[in-house]
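Q: Please take a close look at one part of this model, the interface between its two chains, and set out how it is built and which charged pairs belong to it. A connected account with the cut-offs stated would be most useful.

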Amino acid sequence: MAARQEVLALQAEVARREEELSSLKQRLAAALLEEQEPTPERPVQVSPLPSKAALSRDEILRYSRQLVLPELGVHGQLRLATASVLIVGCGGLGCPLAQYLAAAGVGRLGLVDYDVVEMSNLARQVLHGEALAGQAKAFSAAASLRRLNSAVECVPYAQALTPATALDLVRRYDVVADCSDNVPTRYLVNDACVLAGRPLVSASALRFEGQITVYHYDGGPCYRCVFPQPPPAETVTNCADGGVLGVVTGVLGCLQALEVLKIAAGMGPSYSGSLLLFDALRGHFRCIQLRSRKPDCAACGERPTVTDLQDYEAFCGSSATDKCRSLQLLSPAERVSVTYYKRLLDSGAPHLLLDVRPQVEVDICRLPHALHIPLKQLERRDPESLKLLGEAIREGKRDAQEGAADSIYVICKLGNDSQKAVKILQCLTAAQVLDPVTVRDVVGGLMAWAAKIDGTFPQY
Amino acid sequence: MVPWCQVEVLYFAKSAEIAGVRSETISVPQEIKALQLWKEIESRHPGLADVKNQVIFAVRQEYVELGDQLLLLQPGDEIAIIPPISGG
Ligand SMILES: [Zn+2]
């Protein structure tokens, strides 16, 4: 009996604290909103940091382990204290970078991010916590950094870096760190740094790979010297599609912090004119000597054509986010909504649901009645897969009542691959490799299913 | 007749995806122009044409322009194909 009473008492206590926590979260959200007001159209004005003649007793204690390094010393620490760093992107790279710069005592950190904290960010964006889901990343990062080191001035910019704002913003900082997640922003940051004459510490990560370089430092090449042309949009993989391991962004963010600190403290960077590659699967680091500055570079060359910032989304043919693009390969008649598919499923109408996601995603979640054939297998007309599909279609025809339409509905995560698969299946039926059948895809895929039809279906 | 030698080609990021391998050993003339060497590699993996203009092509860990520059390769030399990644 005593045990039962304790259970009840504990349950009541948990409920009380959960309520308290939820009220705290609401107050925090309100406070954060207040902090954002007034939302300036132009970036917040910041005055130059005053130079510093000596360290205080507290500072000496706090930074003592790095002060005794002869390469850094008091001189380097004083330089850090008056340095300002603009961090473009408070995600997987920006979080560890900002964390180490704040811990090391960099004077001012500008934090740029237009996005809000989502649960799927937390496995790698280590400055953001559960309580701030839905809040601006720039403010969430600033709040964490202030707790870490109240002497560091954090200036959050909860807005996208745009051609209209970038140059003005970059000019206010000594060093720029590119921690962004998309190609247009990388060209924008590069050009702004070249125009403003600022060194750019650039890192990126995807899957198990990372890259880091310092651009436009002391006569070295800029991003455009090395990559004059942006990649075709369809060859670019983002972290949502390709995946990324948090530790990998963490390693690269820390290397980036190291380069920023060395530049800010006057020690000079290690990766100007060279590219460090990190292969996390094999545990290899490899340093590639890059080309020198390109005399005919559009940005930093002798006769630059980039004399002010341009439309980088048009230049790259993609948007300045890492959100997944939606393709439009099919006509509306060839597509159905999740609501339509749900009604069809409930009506018991005979059909085949074909899931074309990679196996690794099917392992995460699936609709139990779906036949699974990855798009890759369809693309290379894998005989085994086509046999499986042909059998499923014939079986469906047998079970279907007289006159019932033979239909395949193709589904994937977001409704892009499913359209590609429909195109392939249409070719295969036209070529009579498969029996005649109507093929359509489900708009928005399984993530739309999770959002609109089944709240218990996992989102990833 | 120019002697041939075996070199190791390393594929990074998108190029590894296209090639379907992370590395392979291939046989090429010891004296070869940079662009010719690229074409040799592209003929094995035609999909690499899509990223040709956006890669760092490195021989012995050093950037090489895809042009007429004559390379003198040694057995075991490392050729790297490095497309940029942009995630973060
Ligand atoms: Zn340049």
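A: What follows describes the interface between chain A and chain B, then some single residues and salt bridges.

This is a predicted model, in which local features need pLDDT of at least 70 and side-chain atom pairs count only at pLDDT 80 or more, while totals for chains, interfaces and linings use all residues. Residues are numbered from 1 along each chain as its sequence is written, chains are lettered from A and ligands numbered from 1 in the order in which they are written, and side-chain values use heavy atoms, with hydrogens and water left out.

The interface brings 37 residues of chain A into contact with 25 residues of chain B, where contact means heavy atoms within 4.5 Å. The size of an interface is often given as the accessible area lost when the parts come together. Here the area buried between chain A and chain B is about 2,600 Å², and carbon and sulfur atoms give 56% of it; buried area is the accessible area (1.4 Å probe) that two parts lose on being put together, summed over both. Of the area that chain A buries against chain B, 21% is supplied by A:E209, A:F227 and A:R286, more than by any other three residues.

Polar and charged pairs also span the two chains. Between chain A and chain B there are 13 residue pairs in polar contact, both residues being at pLDDT 80 or more. A polar contact is a pair of N or O atoms within 3.5 Å; within protein, one must be able to donate a hydrogen and the other to accept it, and residues adjacent in sequence count only if both atoms are side-chain atoms. On the side of chain A that touches chain B, at least two residues each come from α8 (183–196), β5 (200–206), β6 (209–215), α9 (223–226), β7 (274–279) and β8 (284–289) of chain A. Helices (H or I, at least four residues) and strands (E, at least two) are DSSP runs, numbered from the N terminus. The largest share of that side, four residues, comes from β8(A). By residue class, the side of chain A that touches chain B divides into 17 nonpolar, twelve polar and eight charged residues, with Ala, Val, Leu, Ile, Met, Phe, Trp, Tyr, Cys and Pro counted as nonpolar, Asp, Glu, Lys and Arg as charged, and the others, Gly among them, as polar.

Two residues in one loop of chain A give a local view. A:V236 lies in the loop between α9 and α10 (239–242) of chain A, and at 30% relative accessibility A:V236 counts as partly exposed; buried means under 20% relative accessible area, exposed over 50%, and partly exposed in between (1.4 Å probe, protein chains only). Leaving aside neighbours within four places in sequence, A:V236 is in contact with A:V183, A:P231 and B:S86. A:T237 is placed in the loop between α9 and α10 of chain A and, at 15% relative accessibility, counts as buried. Residues up to four places away in sequence not being counted, A:T237 touches A:L206, A:R207, A:G242, B:K14 and B:E17.

Side chains of opposite charge can pair when their charged atoms come close. The structure holds 27 salt bridges over all chains, and the count between chain A and chain B is five; a salt bridge is a side-chain nitrogen of Lys or Arg within 4 Å of a carboxyl oxygen of Asp or Glu. One salt bridge is formed by the side chains of B:E65 and A:R291, at 3.8 Å from N to O. B:E65 lies in the loop between β5 (62–63) and β6 (70–72) of chain B, and A:R291 in the loop between β8 and α12 (312–316) of chain A, so the pair joins two chains. With a relative accessible area of 13%, A:R291 is buried, whereas B:E65, at 45%, counts as partly exposed.

Salt bridges that share partners also join A:E13, A:R16, A:R17 and A:E20 into one network. Within this group, the side chains of A:E13 and A:R17 meet at 2.8 Å, N to O, and both residues lie in helix α1 (residues 2–36) of chain A, four residues apart, about one turn of the helix. A:E13 is partly exposed at 28% relative accessibility, and A:R17 is exposed at 53%. The side chains of A:E20 and A:R16 form a salt bridge at 3.3 Å, N to O.
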